[in-house]
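Hello,

Here is the structure I promised to pass on to you. Have a look at it first, and then read on for my notes.

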Amino acid sequence: MRILLFGLFLVSPASLLADTPATSNEGIAWLQKIATAAHELNYSGTFIYQYGSHVETSRIVHAVDSSGEHEKLEILNGLPREIVRNNDEVQCFLPSSKTVRVEKRLQRKPFPALLPEELNDLNKSYLIKLGDRERIAGFDCQTLLLEPKDGLRYGHRLWAESNSGLLLKASMLDEHNDVVEQMEFTQLNIGGPIDEEMLKPKYPVKTAGWHYDLSPQAEPISTESGWDIRSPLAGFRKILDAKRTISGKSVPISHIVYSDGLAAVSIFIEPLAAGDKPRKGVSKRGALNIYARPLDDYQVTVLGEVPMMTVMELGNSVYPTGK
Amino acid sequence: MKQDLSAFMDGELDPDAAKAVLAELRRNSELRGAWMDYHLIRDLLGQTGMASHDISERFKERLAGEPVVFSPRKRILINNKIAALSAAASLAAVALVVWVVLQGNADKTNDKMAATPQPNSAAMLASLPRYPFSSTFHEYLLAHQEFSPSTTMQGVAPYIRTVSDGGEEANR
């Protein structure tokens with residue numbers, strides 16, 4: 001049997017597997033369509049974000065004009081919160097603490113497209129399959145299943161509107177195929193003009209009493225974080241290695257990001273100031289898992305939309321490169 | 001290693017060597033590919049009567065439907081269907097292995113097989129305190145979000161993760 005197997009293996013079963021790449025390619029084409037639709041279409045609607053027993057409803061508006069992309073996300077239940085994005089700048093309004101956080105995108109990649117290397121990452125870590133047609137928020141959708149090839153990442157189920165490709169529902173699944181987190185439109189308008197007023201923040205930020213946390217630089221301070229990990233995680237590629245400013249933090253923070261094409265994990269290393277209480281522990285919400293640990297005079301925090309074991313493996317593997 | 005893999009499939013390896021194969025399977029994606037290919041070939045040879053092109057999916061489905069059976073002996077044998085049961089048993093054994101491979105780090109019992117024996121994360125997790133998902137992490141979350149591919153696919157919607165769970169954000 002063994003010898004026979006080897007003989008056959010030399011012939012290579014690639015031709016027998018010919019249907020697999022085709023399915024995968026079709027899946028990839030859908031992912032591209034989804035990414036493009038999210039950034040090139042006007043749309044407005046209501047969606048729910050759900051994890052465990054927690055449900056939040058939000059209104060979202062997205063418009064594209066000659067000056068670029070503009071979007072607003074407004075949380076409708078609980079404390080009022082708003083996020084406004086204008087191209088590369090994201091403002092986060094937290095009226096209960098009268099705080100505005102502003103982040104500028106560090107990444108220079110063109111927004112709409114998934115890059116070839118990202119698609120390659122996807123193929124390495126997930127089996128991509130097309131599913132049935134299903135109806136979401138009144139629209140006919142193509143379903144896509146991205147099944148993880150190992151336990152380092154979650155599975156994804158996506159519902160893309162059949163014509164435009166707009167993503168109307170996204171679920172992340174754990175190893176038991178249970179949903180860890182879900183976002184789903186309940187009502188949606190695709191296309192048509194968007195009233196500018198709908199995109200403006202509701203809050204008067206320049207008023208006294210509001211705290212305006214600005215991330216002062218869009219450029220990283222250094223393209224070397226000074227830190228690395230001892231053992232790479234299968235399927236994850238480093239997409240950022242920098243020292244940077246972060247809104248709300250007074251000192252530069254080392255930031256390393258790993259991605260498998262569908263999920264990202266960030267490692268933050270912050271110098272502990274005198275009197276800071278180092279944190280060692282974990283936190284979890286929906287698909288997001290966080291692991292914090294002190295390392296010498298630094299606080300290491302790892303977070304991402306990946307299982308707890310993945311953030312812990314990364315956190316325990318961090319070391320200073322001495323640069 | 002591929003020779004060992006084949007021997008392992010045929011049940012010819014001692015437990016230690018089998019463990020080594022399992023550990024290698026965990027680590028080596030090329031070997032996992034070979035594992036799939038060998039099964040495909042075996043299927044096509046009619047050994048199991050299957051002709052799958054996607055073994056992992058079938059095993060997962062099968063596993064979802066029933067507990068893993070290690071041995072057919074406790075089952076009631078009906079007439080002369082021993083051959084069929086034996087096939088089912090080897091399928092279950094194989095499914096167990098695939099399950100182990102697919103599970104990766106997610107399962108505590110498999111942690112011993114981790115390719116990089118860092119501090120044992122699974123064992124460690126049990127002893128770690130749980131932080132409330134508070135605004136302590138908010139700044140980091142916001143800085144992280146632009147790198148999440150979900151932002152590429154969904155625009156600003158996933159930013160809800162950075163401000164979700166009302167009641168936390170007030171305590172900076």
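I'll begin with a turn in chain A: in the hairpin of E7(A) and E8(A), two residues lie between the strands, and Ala137(A) takes a positive phi near 50 degrees. Please keep in mind that this is a predicted model.

The two strands of that hairpin, E7 (residues 126–136) and E8 (residues 139–148) of chain A, pair in the antiparallel sense over nine bridges. If you want a pair to look up, Arg133(A) has Gln142(A) in E8(A) as its bridge partner.

Both strands belong to an open sheet of twelve strands in chain A, with the order E7-E8-E9-E10-E11-E1-E2-E3-E4-E5-E6-E12 and mixed pairing. Its edge strands are E7 and E12 (211–214) of chain A, each of which pairs on one side only. On average, neighbouring strands of this sheet are turned by 15 degrees against each other, direction ignored. Elsewhere in the order, E4 (residues 81–86) and E5 (residues 89–94) of chain A pair in the antiparallel sense over five bridges, and Val84(A) stands opposite Gln91(A) in E5(A).

Chain A also has an open sheet of six strands, ordered E14-E15-E16-E19-E18-E17, and here the pairing is antiparallel. At its edges are strands E14 (237–244) and E17 (281–285) of chain A, each pairing on one side only. For this sheet, too, the average turn between neighbouring strands is 15 degrees, direction ignored. The edge strand E17(A) pairs with E18 (residues 288–295) of chain A in the antiparallel sense over five bridges, and the bridge partner of Arg285(A) in E18(A) is Leu288(A).

Now to the interior. The largest nonpolar core has 86 residues, and the members that touch the most others in it are Ile34(A), Leu167(A), Val265(A) and Val311(A). Leaving aside residues up to four places away in sequence, Val311(A) touches Val265(A), Asn289(A), Ile290(A), Tyr291(A), Val302(A), Leu303(A), Gly304(A) and Val306(A). Another core, of seven residues, lies apart from the largest one; among its members are Leu5(B), Phe8(B), Val21(B) and Leu25(B).

One last item, from chain B: why is helix H7 (residues 138–145) of chain B largely enclosed by the rest of the structure? Eight of its eight residues are buried, so the surrounding structure largely encloses this helix. The buried residues of H7(B) include polar names such as His138(B), Glu139(B), His144(B) and Gln145(B), alongside Tyr140(B), Leu141(B), Leu142(B) and Ala143(B).

Best wishes

Technical notes. Residues numbered from 1 in each chain as written. Chains lettered and ligands numbered in written order. Predicted model: local features only at pLDDT ≥ 70, side-chain atom pairs only at ≥ 80, totals over all residues. Buried ≥ 20, exposed ≤ 12 C-beta atoms within 10 Å, placed from the backbone. Helix = DSSP H or I, 4+ residues; strand = E, 2+ residues; numbered from the N terminus. Pairing = 2+ DSSP bridges. Core = buried A, V, L, I, M, F, W, Y, C linked by C-beta atoms within 7 Å. Contact = placed C-beta atoms within 7 Å. Axes fitted to C-alpha atoms, helices over the stretch in contact; angles between N-to-C directions.
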